[in-house]
Structures are given as structure tokens and as C-alpha cells.
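Hi,

Here is the structure I promised to send over. Have a look first, and then read on for what I found in it.

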Amino acid sequence: MNFHIMTLFPEMVMNGLNTSIIGRAIDKGLLTVEAVNIRDYAFNKHQSVDDYPYGGGAGMLMQAEPIYQTYQALTGKMNLPEGRKPRVVYLSPQGQTFSQGMAEELALEEELVLLCGHYEGIDERVLEEIVTDYVSIGDYVLTGGELPAMVMVDAISRLVPGVLHNDVSAEFESFQDNLLEYPQYSRPEEWHGRKVPEILLSGHHANVEKWRREQAIIRTAQRRPDLLEKAELSEKEQKMLAS
Ligand code: ADE
């Protein structure tokens, strides 16, 4: 999968993504991440990419043309079937809230363009021209789209086959079936007076699985009751929760 990030701060994005699991996946050739500097496509001699908003108001806006030129340069190099355009995500607090489901859907794309805004926003016309998806990472305002873009690259990349060491680790985890993940323990058996639940030491696989699902349900009810409403629980599980 190939990520193309349009940004005024390419080094911020690349420094953040070149490490750990994502860095290794890039080294293995499972992913490519390129950060393209929009300023390289500025069309005036001062290389400025922003200007005052028509109608007045605070701050500056990113202009349409440098962003469009960056997009043209990127897509010109892509290997897409005739007439197909890549998905272009604009990171903005005005977007749909990013979710695991969205990450799963986007992980199926071969090419994904992420557009990071700065200043007070971007000239609406270029958004209309190139953007296919508006995505927010939560209801708060950041200074730019770079951190949200990195969040998306991370969440999507780990779903690309081969990126995680073992593909089962993406199998049962938080948000699978709208449940949070069950609690986990490693050695030692007792730490600060806290014991590992007996059942996990039993070696009885079916009982362990049953306990884990119960714990996932209880934890979701306590921490994210909003998620639990979307989870499919058996009658027995609903009774267990009610008791
Ligand atoms: N840009 C600024 N704030 C943002 C947010 N919460 N999500 C996505 N992009 C943003």
C-alpha cells in the first residue's frame, strides 16, 4: 500500500513514521510513505503558499494552486487503472470521525493520498476539486493535519497483511465485534500482591476463551457503554451483565 502525504512539514511526518513497526514495514517493502512538500509547488518567487481570505477574517488560508500542483505531480506517478482517481482524505475537524471500520475500509486501497491543512484552512475550491473523504480524528482542534495523518497511516498500516508479526494479533483486539480487548497478563504470576487470574494458568483453552469474552463484555460495559449497544451479545451474556 502506498501513502502519499501532502504537507508543509514533511520531516515531521517522516520522522514520526520511520520507526518501529511502520518503519520495519516500509523497510520490508510492504508499505511506502512519501511526504510531499506543498511549498515545492509554490508558484511565486517567495514560495508562499498562503494568502488572506476574501471577505476578511482572522488568519491566512492555504491557496488552491500549490495544493493542486502537488496533487497533479503525485497522481501523475501513480499506477492507477485508466480514468481512476485515488481516494484523497482531507484531515479536518469538520470530517467524519475516524474509526476502526474506516481504517479497515481504507486498508483495501492501493494508493491513499492524505492532505494536511495548516493556518486557518484551505481554499474551498481545491477541496471540491480533489478531496473524496473528510476525516477528523476527534472533536478537538489541532494546529495542523500532520498528527491526524500519522494516526491514520498507523491504524491503516497495521491492517495490511504482513505488517504485524503475526496476523492473529490483529484478530482479537479492541473494537472487534464492538468490544474492547480483555485484560492480559505476563510473568510473574504475582506482582505487587496482584495475582494472574487462576483460569489463565489452567491450560484449559475453551474456559480461557469464555473468560476472555466475558471480561471483554464487562470491560466494554464499564468503559465504553456506547460501544456495547452495537455489540451482539447472546441472551446468556446479557443476563450475565445484568446480574
Ligand atoms: N486538523 C486539525 N484538527 C484536526 C482533527 N481533530 N482531526 C483531523 N484533522 C485536524
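Which residues does V196 touch, leaving aside those up to four places away in sequence? They are Y185, E189 and L201. Keep in mind that this is a predicted model. V196 itself sits in the loop that links β9 (194–195) to α7 (205–223). Is V196 buried or exposed? Neither quite: V196 counts as partly exposed because 16 other C-beta atoms lie within 10 Å, while a buried residue would need 20 or more. There is also a distance to Q184, which is 12 residues away along the chain: the C-alpha atoms of V196 and Q184 are 8.8 Å apart.

Next, the sheet. It is an open one with five strands in the order β2-β1-β6-β5-β7, and the pairing is parallel. At the edges are β2 (32–37) and β7 (133–136), each of which pairs on one side only. On average, neighbouring strands in this sheet are turned by 30 degrees against each other, ignoring direction. Looking at the β2 end, β1 (residues 2–7) runs parallel to β2 and is joined to it by six bridges. If you want a spot to check there, N2 stands opposite T32 in β2. Helix α1 (residues 10–17) lies across β1 and β2, and its direction makes an angle of about 165 degrees with β2.

Now the ligand. The residues around it are L91, S92, P93, S136, I137, G138, Y140, V141, L142, G145 and P148. Strand β5 (residues 87–97) gives the most to this shell, with three residues. By type, the shell has seven nonpolar residues, four polar ones and no charged ones.

You may want to set that against the UniProt record. The entry, which is unreviewed, puts a "binding site" feature at G117, I137, G138, D139, Y140, V141 and L142. I looked at two of these positions more closely. D139 is in the loop between β7 and α6 (146–157), and D139 counts as exposed because it has just 7 C-beta neighbours inside 10 Å, where the limit is 12 or fewer. L142 lies in the loop between β7 and α6 too. With 15 other C-beta atoms within 10 Å, L142 is partly exposed. Not counting residues up to four places away in sequence, L142 touches L147 and P148; L142 and P148 are both listed among the residues around the ligand.

Shout if anything is unclear.

Cheers

Methods
Residues are numbered from 1 along each chain as its sequence is written. This is a predicted model: local features need pLDDT of at least 70, side-chain atom pairs count only at pLDDT 80 or more; totals for chains, interfaces and linings use all residues. A residue is near a molecule or strand if its C-beta atom, placed from the backbone, lies within 6 Å of it. Helices (H or I, at least four residues) and strands (E, at least two) are DSSP runs, numbered from the N terminus. Ala, Val, Leu, Ile, Met, Phe, Trp, Tyr, Cys and Pro count as nonpolar, Asp, Glu, Lys and Arg as charged, and the others, Gly among them, as polar. Two residues are in contact if their C-beta atoms, placed from the backbone, lie within 7 Å. Two strands pair if DSSP finds at least two bridges between them. Axes are lines fitted to C-alpha atoms, for helices over the stretch in contact, and angles run from 0 to 180 degrees between N-to-C directions. UniProt positions are given in the numbering used here, feature names are shortened, and annotations may be inferred rather than shown by experiment.
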